[in-house]
Amino acid sequence: MWDKASLHELIATRMSGYQVIVVANRESYMHRSGSGGSIVCIRPASGMASALDPVMRASGGIWVGHGAGDADRSTVDEFDHVAVPPEDPSYTLRRVWLTKEQEEGYYHGLANEGLWPLCHITFTRPVFRPEHWAMYREVNALFGEAVLQEAGDRPSFVFIQDYHFGLLPRYLKERNPNLIIAQFWHIPWPNREVFRVFPWKEELLDGLLGNDLLGFHVRYHCQNFMDTIDRTLEARIDYEQAEIVRQNKTTLVRPFPISIDFERQEAMAASPEVEQEIRHWHSELGSRSQFLGIGIERIDYTKGIPERLRALDRFFEKYPEYRGRLTFFQVGVPSRGHVPQYQMIGAEIDQLVEKINWRWSTPGWRPLIYVKRHFSPVEMMALHRLANFCVVSALHDGMNLVAKEFVASRFDEDGVLLLSQFTGSALELTDALLFNPFAVDEMADAIHQALEMTPEERRRRMQRMRAAVRDNNVYRWAGKILSALVKVDAADPVGAPSGNGTAAQVGPSVSPLLAARSFPA
Ligand code: F6P
């Protein structure tokens, strides 16, 4: 089984001498101004950042990310570096600064108004503006320069995260062919019919083929990506080997289902801090009703929050015996509030909460509690442990780590997970109650089934889900990605510049990908 130690060993033995550079728009730790001139360090609400943080703690190295916190500048050194995590510094965060115009075009615009709805296909129309694309290119180059600076002439493995950086791999490869570059696309990849409307598809796809390895959560998204390349670019595609060759450069395309640090989540969920938080929430919520359901996510139209609220409304209509007995606690973490579609979904949720509470509330009981703010991991774990059930009703999600976190927190082997069948997690967590979030009655009935389930069945299901998340943890995810890079067939010097004869340098246990490059002494 993969754990922190085995990942550490893999890096030490198979990638020795290499520094690890992660590039992600979202930084893993953010500094914000607190009250009375203080500075607080928070962990942003990002499944990607939560998953990568333990990997970075195990591997050391550098995380290059956007310095988005209002106190970020006052906490870095002259190289824009800060050691994190604050309580146990294990790796370096290198902050990249963006102007408002760059943030608007690259992050809010191209990434979140364009690629995000395009890839999720949740019936929110993508917006493509040339000025956003120009900023996307500019910011990819800006991050590229930061990575090249950090890498210097040292052998480096660059691990890029997500759809913010479609052009970065090619940019880096052209300037430093010695870099080993992998990218993980944390969101779905749509089918080629959907993707063909993207106005700058040739350039984006060519950018992605600068990677040595490109990962998606599930096989289906790898297939969609290869089909999209097939339709759009001149390239040789080997569906059997899952690799694409363009201009003598090979890119492996592989599924790697992301996960969490199960052991750490489980241990933290049992900590005295969480116990104390449970007491707090218990006194807040405990007397209000017999059952507690929870939902925790960023306020995002892909998460299916209005659909879930409508299902709760239907549930109280269909199952009157639960009126006064069930409270649903929804955490909505504010997200991307600058983007109009996010303002609209926020307003829709507010209206639904008001309407449903108005409809069903009785003296002393409200069916919905909606809290809009950032929640710390400790607060979230307390809610996980208190809940009778947790709802994840994403309309489309590459993976969804809230589902896995809930399962890992439940060391008591109780609680029911209600999970959208359109999440990557549904392929692994088959003991959840799976439903179609677009079908209001189906979700209402799943809530009913969760509440009526016997303790024995709850335990059986939770045990199996916990075993799945324990085995397929985030160290396995990172370990598999690194192993794919180092275990390339020696006969096929992937990534080696064509005709340079460097395959001859390859030793028996050394990857051609690593060995094919000659680094300055
Ligand atoms: O996993 C997808 C993702 O976009 C991450 O890249 C990101 O950190 C997370 O969702 C939250 O979004 P944001 O960073 O835009 O707040």
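# A walk through a predicted model

The side chain of H217 comes within 2.9 Å of the backbone oxygen of H186. Start there, and keep in mind that this model is predicted. H217 sits in the loop between β9 (213-216) and α8 (219-232). Is H217 buried or exposed? H217 counts as buried, because its relative accessibility is 3% and the cut-off for buried is under 20%. Which residues does H217 contact, leaving aside neighbours within four places in sequence? They are F184, W185, H186, P255, F256, P257, I258, G398 and M399.

H186 leads on to the ligand. H186 is one of the residues that surround the ligand. The others in this shell are R26, A45, S46, M48, Y107, W116, D162, Y163, H164, R298 and R336. By type, the shell divides into 5 nonpolar, 3 polar and 4 charged residues. Several side chains place polar atoms by the ligand's oxygen atoms. For Y107, a side-chain N or O atom is 2.5 Å from an oxygen atom of the ligand. For S46, a polar side-chain atom lies 2.7 Å from a ligand oxygen. R336 also has a polar side-chain atom 2.7 Å from an oxygen atom of the ligand. How much of the ligand does the protein bury? Taken alone, the ligand exposes 370 Å², and the protein buries 91% of that.

Stay with R336 for a moment. R336 lies in the loop between β14 (326-333) and α12. R336 is buried, at 12% relative accessible area. Its backbone also deserves a look. Most residues other than glycine have a negative phi. R336 is not a glycine, yet its phi is positive, at about 50°. Q247 has a positive phi too, near 45°, and is also a residue other than glycine. Q247 is found in the loop between β11 (243-246) and β12. Q247 counts as exposed, with 63% relative accessibility.

One peptide bond also calls for attention. Most peptide bonds are trans. The bond from V84 to P85 is cis, with omega near -10°. P85 has its place in the loop between β5 (81-84) and β6 (91-96).

Now turn to the covered parts of the protein. Helix α5 spans residues 168-175, and 6 of its 8 residues are buried. Which ones are they? The buried residues of α5 are L168, P169, R170, Y171, L172 and K173. What covers them includes β1 (19-26), α4 (130-151), β7 (156-161), β8 (180-184), α7 (201-208) and β12 (249-255).

E174 and R175 also belong to the residue range of α5. Their side chains meet in a salt bridge, with N to O at 3.9 Å. E174 is exposed, with a relative accessible area of 55%. R175 counts as partly exposed, at 45% relative accessibility.

L383 gives another view of a buried position. L383 lies in helix α13 (residues 377-386). L383 counts as buried because its relative accessibility is 0%, and buried means under 20%. Setting aside residues up to four places away in sequence, L383 touches W281, L285, I294, I296, F329, V331 and F375. L383 and F406 are 23 residues apart in sequence, and their C-alpha atoms are 9.0 Å apart in space.

The last stop is the charged pairs. How many salt bridges does a search of the whole structure find? The search finds 35. One of them joins D441 to K318, with the closest N and O atoms 3.0 Å apart. D441 lies in helix α15 (residues 440-452) and K318 in helix α11 (residues 305-318), so this pair ties together parts that are 123 residues apart in sequence. D441 is partly exposed, at 30% relative accessible area. K318 is partly exposed as well, at 32%.

K372 forms a salt bridge with D350, and the closest N and O atoms are 3.0 Å apart. K372 lies in strand β15 (residues 368-372) and D350 in helix α12 (residues 340-360), so the pair links parts that are 22 residues apart in sequence. K372 is partly exposed, with a relative accessible area of 45%. D350 counts as partly exposed, at 32% relative accessibility. Which residues do salt bridges with shared partners join into one network? They are D313, R314, E317, K318, R359, D441 and D445.

Terms used: Residues are numbered from 1 along each chain as its sequence is written. This is a predicted model: local features need pLDDT of at least 70, side-chain atom pairs count only at pLDDT 80 or more; totals for chains, interfaces and linings use all residues. Side-chain values use heavy atoms; hydrogens and water are left out. A residue is near a molecule or strand if one of its heavy atoms lies within 4 Å of it. A polar contact is a pair of N or O atoms within 3.5 Å; within protein, one must be able to donate a hydrogen and the other to accept it, and residues adjacent in sequence count only if both atoms are side-chain atoms. Accessible areas come from the Shrake-Rupley method with a 1.4 Å probe; for residues, only the protein chains shown count as cover. Ala, Val, Leu, Ile, Met, Phe, Trp, Tyr, Cys and Pro count as nonpolar, Asp, Glu, Lys and Arg as charged, and the others, Gly among them, as polar. A salt bridge is a side-chain nitrogen of Lys or Arg within 4 Å of a carboxyl oxygen of Asp or Glu. Buried means under 20% relative accessible area, exposed over 50%, partly exposed in between (1.4 Å probe, protein chains only). Helices (H or I, at least four residues) and strands (E, at least two) are DSSP runs, numbered from the N terminus. Contact means heavy atoms within 4.5 Å.
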